[in-house]
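Work through the exercises below with the structure in view. Try each task before reading its solution.

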Amino acid sequence: MRGIASQHPRLRLGAILIGLLLAPLGGYAEEDCLKLVFNRYCLGGDVNQSLRKNPQPLIQQPQGERLALIYPENRERIYVLAFRGRIYKVLRRYRHATQLKYEELYALLREKYGLGEDRSEFPEYARNAASRLGAIRRGEGRATHVWEPQDAAWHIELDWTREMGLTLAYIANALDEQQRRATEQGY
């Protein structure tokens, strides 16, 4: 006995379209991808699948159960960090770290995700923008803002430090915690 979809061409076409809509985008299984970051990298996804799907990284650096991939992106760099084969962090490092760029990124993120939380750390003397900028440049302070979208398994960090400059990171909460525990245990 043939099914209803095979008897009616419109139903068969509908079944095909539904199948295409339910197929994972970009080759990632929906349950693995917590968030598609920078329209290319699947936070929480399989790093090997990302390697197959994306251009060859500029640098590929394995370290035990961790893997760091660095991709050129215009004048910036994208860091894709994986632990045990899963992407736990995708970070964009901006070539030019300026107050204007920090405020521009902050405004975009605030518009999309709300106020977030200021987790900046500055010395007592750094009370205005100029002294805070000086503290960042000397490595005595950091500007950090964090967004934790409700019911999301990931969060965003906008960070400005002497070591890394201006960065925007998307972090998978559970995977990041797993890799931190492994680091503490010496793996």
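**Exercise 1. Find how E6 and E10 are joined, and describe the place of Arg92.**

Step 1. In this predicted model, E6 and E10 run antiparallel and are joined by 6 bridges.

Step 2. Go to Arg92, which lies in strand E6. Its bridge partner in E10 is Leu168.

Step 3. Decide whether Arg92 is buried or exposed. The cut-off for buried is under 20% relative accessible area. Arg92 has 15%, so it is buried.

Step 4. List what Arg92 touches, leaving out residues up to four places away in sequence. The contacts include Leu166, Thr167 and Leu168. Phe38, Glu73, Glu76, Arg77 and Ile78 are also among them.

**Exercise 2. Lay out the sheet and name its edge strands.**

Step 1. Write the order of the 8 strands: E3-E4-E5-E6-E10-E9-E8-E7. The sheet is open, and its pairing is antiparallel.

Step 2. Look for strands with a single partner. They are E3 (59–63) and E7 (117–118), so each has one side without a neighbour in the sheet.

Step 3. Add the helix that lies across E4 (66–73), E5 (76–83), E6, E9 and E10. This is H6, residues 173–184, and it runs at about 100° to E10.

**Exercise 3. Check the length of helix H4, then sort its sides.**

Step 1. H4 covers residues 99–113, which makes 15 residues. At 1.5 Å a residue, the expected span is 21 Å. The end C-alpha atoms are 21 Å apart, so the two values agree.

Step 2. Pick out the buried residues of H4: Tyr102, Leu105, Tyr106 and Leu109. They cover an arc of only 100° around the axis, which means they sit on the same side of H4.

Step 3. Recall the general rule. An α-helix has 3.6 residues a turn, so residues three or four places apart point the same way.

Step 4. Find what covers the buried residues of H4. The cover includes strands E6 (86–94), E8 (143–147), E9 (154–161) and E10 (165–172).

Step 5. Turn to the face away from the buried side. Exposed Leu100, Leu108 and Glu111 are carried there.

Step 6. Move just past H4. Gly114 takes a positive phi of about 95°.

**Exercise 4. Locate the disulfide and compare its two ends.**

Step 1. The count comes to 1 disulfide. Cys33 is joined to Cys42, with an S to S distance of 2.4 Å.

Step 2. Classify each end. Cys33 has 23% relative accessibility, so it counts as partly exposed. Cys42 has a relative accessible area of 0%, so it is buried.

Methods: Residues are numbered from 1 along each chain as its sequence is written. This is a predicted model: local features need pLDDT of at least 70, side-chain atom pairs count only at pLDDT 80 or more; totals for chains, interfaces and linings use all residues. Side-chain values use heavy atoms; hydrogens and water are left out. Helices (H or I, at least four residues) and strands (E, at least two) are DSSP runs, numbered from the N terminus. The expected span of a helix is 1.5 Å times one less than its number of residues. Buried means under 20% relative accessible area, exposed over 50%, partly exposed in between (1.4 Å probe, protein chains only). The arc is that of the directions from the helix axis to the C-beta atoms. Contact means heavy atoms within 4.5 Å. A disulfide is a pair of cysteine sulfur atoms within 2.5 Å. Two strands pair if DSSP finds at least two bridges between them. Axes are lines fitted to C-alpha atoms, for helices over the stretch in contact, and angles run from 0 to 180 degrees between N-to-C directions.
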